Amino acid sequence: MKFKLKSDFDPKGSQPAAIKKLVTGLKNKKKYQTLLGVTGSGKTFTVANVIQQIQKPTIVIAHNKTLAAQLYNEFKDFFPENRVEYFVSYYDYYQPESYIPSKDQYIEKDAQINPKIEQMRLAATASLLSRNDVIVIASVSCIYNVGNPEYYKGMGFDLDVKKTVSTNLRNHLISKLVESQYERNNMELMPGRFRVKGDTIDFIPGYFDNIIRVELAGDKIDRIVELDKVTGNVVDKFDYFFVYPAKHFVMPEEKTKAALQKIRDELDETLPNLDMIEAHRLKQRTMYDLEMIEETGFCKGIENYSMHLEGRDPKTRPFCLLDYFSEDCLIVIDESHQMLPQIRGMFNGDRARKKNLIDYGFRLPSALENRPLQFNEFENIMSDNSVLFVSATPANYELEHSQQVVEQIIRPTGLVDPLVFVQPSEGQIDNLKQEIATAIKRGDRALVTTITKKLAEELAEFLAKEGIKTRYLHSEIDTIERTEIIRELRLGKFDVLVGINLLREGLDIPEVGFIGILDADKEGFLRDARSLIQIIGRAARNINSKVVLYADRMTDSIIKALGETKRRRELQLKHNKDNNITPKTIIKAIKEKVVEIKDTKHIPKSDIPNLIVELEADMTEAADKLDFETAIHLRDQIKNLNKKLTEKPKEKVKSKKK
């Protein structure tokens, strides 16, 4: 299928010119281009129009999961008939395997996998290998090892109602499912599992929501249907269905045997170079892993043997998501001034951690080859494709490499950059309260950004005690719940969101009419010119927007940020005057609820009693309606909140004076 963009709006403001220039650049084989688009100018819509015109599979790389989730929803709306996929780290919690020599402390890998995100990752690779109209929204996870795409596709198999198999078809299909890492379970069917009842085989592909039922008639497939996993009703019928493996790390049996021998050879070469304890440790672990792979095709930490399992030579780069794309795709690097440094820093951090594991006998040396891409390797991939850097504040790398920089300053809505004021830090909390109260009174929301996590927590507690509905967005809240918290802010369930650097790029909240930036004069990563411009831009979707920088001195970064904001504002005001445009606040639909927020860390303690009263009323109402499932769920939420309310703060350990 071809990409079909669907939208109620046509390109406006700077968008038509930007789209035309970018598409012309791509058609003229310009490898690198930069879209310098101010916040709220509709950069995503511009990129969507470019994708429709060039008709290339596309990967959009975002530097955090919150932004990636937002982009995923936007592109799904723009391309409802095409495949828009989501590929981010599937860990809600991740403690990597490591060893601290000074303490002789080994820390085993501990991770909590989000099954929904794992399913979406598998859906992304399956889509890329089966069609061309695919847009993948990814995080930095896309440069990490994800298995050989040739093996992943080769280990898949087709189901065809017209095809006759001479051998026992039932046993043949069961065998193929097991080889593709599907687990047999007749009791509970879920993604990556199958069950068999007579001549009927049911399975849920790892990348699918519903059940695929295969009904056999002798050595032929009689029927293939998709069943709703809840009701069991037939959703669709197929004459042909291709089954991809349930996991990314799979390989043919003949390749597995050769790989296992290479692992044994490496073990034999490595053991003489280690001391007795380290050698014993390495041999015991490796032999156990080899036995598990031989018996089940899988072991815990199998990715550490990826070099041998994928048939790669030492020092060759691992396979990553980008290898699942066709040879010519469009790479969009969103918020490139943040994303590129993040990609650049991944390799060294990974290598430093693994070196200790190898030196002390916890892993074979080849474990180093299970790694993210080095930056030069990522650059080689970029050079083979078309690249579009997108940022309101592109860095030197993008500007130096781009053959064309396209500015998108004028917003389709006619909105101009917000008025920015600088206030002294003395009396800042009183001023902040006043500004927040003004914003709330006119029906707007407020964002407050601090420079430390401790200050953000304390400020959220203080505002809540002052009767202001406040929440705190922090790094411990998992991927999907962050999106739900932002949705609740937009709905007005609370009025103020406090955070650190989570409040900069990609938070598209038109309801925000005020932003307070504390410690604006603390020069550094969180308060450099680019960061300040990005934070100021969060308020550029609302006609009443106002930004206050709390600072005692005018730093170079503040001066640059104010100067650039003023330049853009003057261009925007002139355009509005010349074209008789009256700016209007963006009206953006609020998505339906996606997930229940289970974490309560974002709720200030002083807000909990009122919330419990509301939940108890909802619980009673649900019970009166005989909706006991909802009532039980609310009861559990109330229990968690009561537990948090009674928790005593940890006492600080006082050092004894000698």
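**Helix packing and cores in a predicted model**

Visitor: At what angle do helix α13 and helix α14 pack?

Guide: This is a predicted model, where local features need pLDDT of at least 70, side-chain atom pairs count only at pLDDT 80 or more, and totals for chains, interfaces and linings use all residues. Numbering runs from 1 along each chain as its sequence is written, and side-chain values use heavy atoms, leaving out hydrogens and water. Helix α13 covers residues 428–441 and helix α14 residues 453–465, their axes sit 12 Å apart, and the packing angle is about 60 degrees.

Visitor: Which residues of α14 make the contact with α13?

Guide: Contact here means heavy atoms within 4.5 Å. On the α13 side you'll find I429, L432, K433 and I436. Those from α14 are L459, F462 and L463.

Visitor: Which helix gives the most to the largest nonpolar core?

Guide: A nonpolar core is a set of buried (under 20% relative accessible area, 1.4 Å probe, protein chains only) Ala, Val, Leu, Ile, Met, Phe, Trp, Tyr and Cys residues joined through side-chain atoms within 4.5 Å. The largest one has 66 residues, and F241 is among those with the most contacts inside it. With 6 residues, the top contributor is helix α4 (residues 115–130).

Visitor: How many residues are in the second, separate core?

Guide: Its members include F3, A48, M120 and L330. The count for this core is 36 residues.

Visitor: Is A62 buried or exposed?

Guide: Look in the loop between β2 (58–61) and α3 (65–78). Leaving aside neighbours within four places in sequence, A62 touches residues including L67, V140 and M339. Its relative accessible area is 0%, so A62 is buried.

Notes
Axes are lines fitted to C-alpha atoms, for helices over the stretch in contact, and angles run from 0 to 180 degrees between N-to-C directions. Helices (H or I, at least four residues) and strands (E, at least two) are DSSP runs, numbered from the N terminus. Buried means under 20% relative accessible area, exposed over 50%, partly exposed in between (1.4 Å probe, protein chains only).
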